[in-house]
Amino acid sequence: MSSNPEKERTRKIIARLKKAYPDAKCSLNHSNPLELLIATILSAQCTDERVNIVTADLFRKYRSCADYLKVPASELQNDVRTTGFFRNKTKSIQGACRVLSEQYADRVPETMEELLALPGVARKTANVVLGNAFGIASGVVVDTHVSRLSQRLGLTENKQPEKIERDLVELVPKKDWIDFSHLLIYHGRRVCKARKPLCEKCVVEKYCPSSRLKTGKEPA
């Protein structure tokens with residue numbers, strides 16, 4: 001048992017969220033590491049639901065790096081247009097596929113350093129791919145839900161994703177790094193909503209310093 005009270009509180013939060021969301025998992029549909037890489041690139045500034053609608057057709061049309069590389073950029077842009085920022089995303093997808101084709105025989109690499117060298121891939125994307133495609137706990141994925149809930153729960157005072165992740169890996173047991181973001185995302189979508197959190201329905205309310213049941217006001 002840890003003697004650190006914040007680590008203990010974090011463990012209790014995780015235990016309650018696991019009980020509430022036993023099926024929490026990556027919400028981006030994929031059947032292999034390349035599909036997950038593409039889906040995660042598309043998920044920037046876009047909902048997972050929208051990405052899944054787009055990739056339902058995309059992954060039938062494109063099955064390999066060569067498929068993404070042989071079409072004109074304009075065609076791929078049109079295929080991913082509704083995810084937003086489609087020009088940049090197309091450039092990232094084709095750039096990443098070119099590197100995978102030339103350097104990795106079309107295989108998605110399994111290290112943080114190699115993934116970060118791919119066009120369009122930052123830590124969040126690399127963490128998603130490593131954790132969900134390969135089961136490698138390289139860190140904690142910090143998206144908008146994880147950022148918001150981590151701050152509300154008092155697990156971090158930082159606002160930048162890299163600093164939030166640094167705080168979380170200190171508090172969250174490594175065995176839970178991959179699942180932790182899924183748990184917060186599920187909880188953020190269902191209960192701890194951005195505009196009006198449902199504190200009276202929250203399974204971790206007793207551990208939350210921001211709860212309006214304690215403070216009498218809506219969490220920031």
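Y62 is buried, at 2% relative accessibility. That is under the 20% limit for a buried residue. The model is predicted. Y68 is buried as well, with a relative accessible area of 1%.

**Aromatic pairs**

The whole structure holds 2 aromatic pairs. Their geometry is set out below.

| Pair | Type | Centre to centre | Angle between planes |
|---|---|---|---|
| Y21 and Y186 | edge-to-face | 6.2 Å | 65° |
| Y62 and Y68 | stacked | 4.7 Å | 15° |

Y21 sits in the loop between α1 (5–20) and α2 (33–42), while Y186 belongs to helix α11 (residues 177–190), so this pair ties together parts that are 165 residues apart in sequence. Both Y21 and Y186 are buried.

Another ring has a charged partner. R81 lies over the face of F86, 4.2 Å from the ring centre.

**The nonpolar cores**

In soluble globular proteins, nonpolar side chains tend to be buried together. Here, the largest nonpolar core has 35 residues. I38, L58 and Y68 have the most contacts inside this core. At least two residues each come from α2, α3, α4 (65–70), α5 (73–80), α6 (86–103), α7 (112–116) and α8 (123–133). The largest share, 7 residues, is supplied by α2.

Which residues does L58 touch, leaving out those up to four places away in sequence? They are I38, L42, Y68, L76, D79 and V80. I38 and Y68 thus appear in that list, and both also rank with L58 for contacts inside the core.

A second, separate core has 27 residues. Among them are V146, L183, V204 and C208.

**Helix α2**

Helix α2 is mostly covered, with 9 of its 10 residues buried. The buried residues are L34, E35, L36, L37, I38, A39, T40, I41 and L42. Their cover includes α3, α4, α5, α6 and α8. At the N-terminal end of α2, N32 acts as a cap. A side-chain oxygen of N32 lies 3.1 Å from the backbone nitrogen of L34.

**Helix α1**

Helix α1 has 16 residues. From its first C-alpha to its last, α1 reaches 23 Å, close to the 22 Å expected at 1.5 Å a residue. Its buried residues are E8, R9, T10, I13, I14 and L17. These residues pack against α10 (161–171) and α11. Helix α11 also holds Y186 of the edge-to-face pair. At the start of α1, a side-chain oxygen of N4 comes to within 2.8 Å of the backbone nitrogen of E6.

**D48 in helix α3**

Is D48 buried or exposed? D48 counts as buried because its relative accessibility is 15%, under the 20% limit. D48 is found in helix α3 (residues 48–61). Its side chain makes a polar contact with the side chain of S27, at 2.6 Å. Which residues does D48 contact, leaving aside its neighbours within four places in sequence? They are S27, L28, S43 and R189. Of these, R189 falls within the range of α11 (residues 177–190).

Key. Residues numbered from 1 in each chain as written. Predicted model: local features only at pLDDT ≥ 70, side-chain atom pairs only at ≥ 80, totals over all residues. Heavy atoms only, no water. Helix = DSSP H or I, 4+ residues; strand = E, 2+ residues; numbered from the N terminus. Buried < 20%, exposed > 50% of the residue type's maximum accessible area, 1.4 Å probe, protein only. Polar contact = N/O pair within 3.5 Å; in protein donor to acceptor, adjacent residues only side chain to side chain. Contact = heavy atoms within 4.5 Å. Phe/Tyr/Trp six-rings, centres within 6.5 Å; stacked < 30°, edge-to-face > 60°. Lys NZ or Arg CZ within 6 Å of the ring centre and 35° of its normal. Expected span 1.5 Å × (residues − 1). Core = buried A, V, L, I, M, F, W, Y, C linked by side-chain atoms within 4.5 Å.
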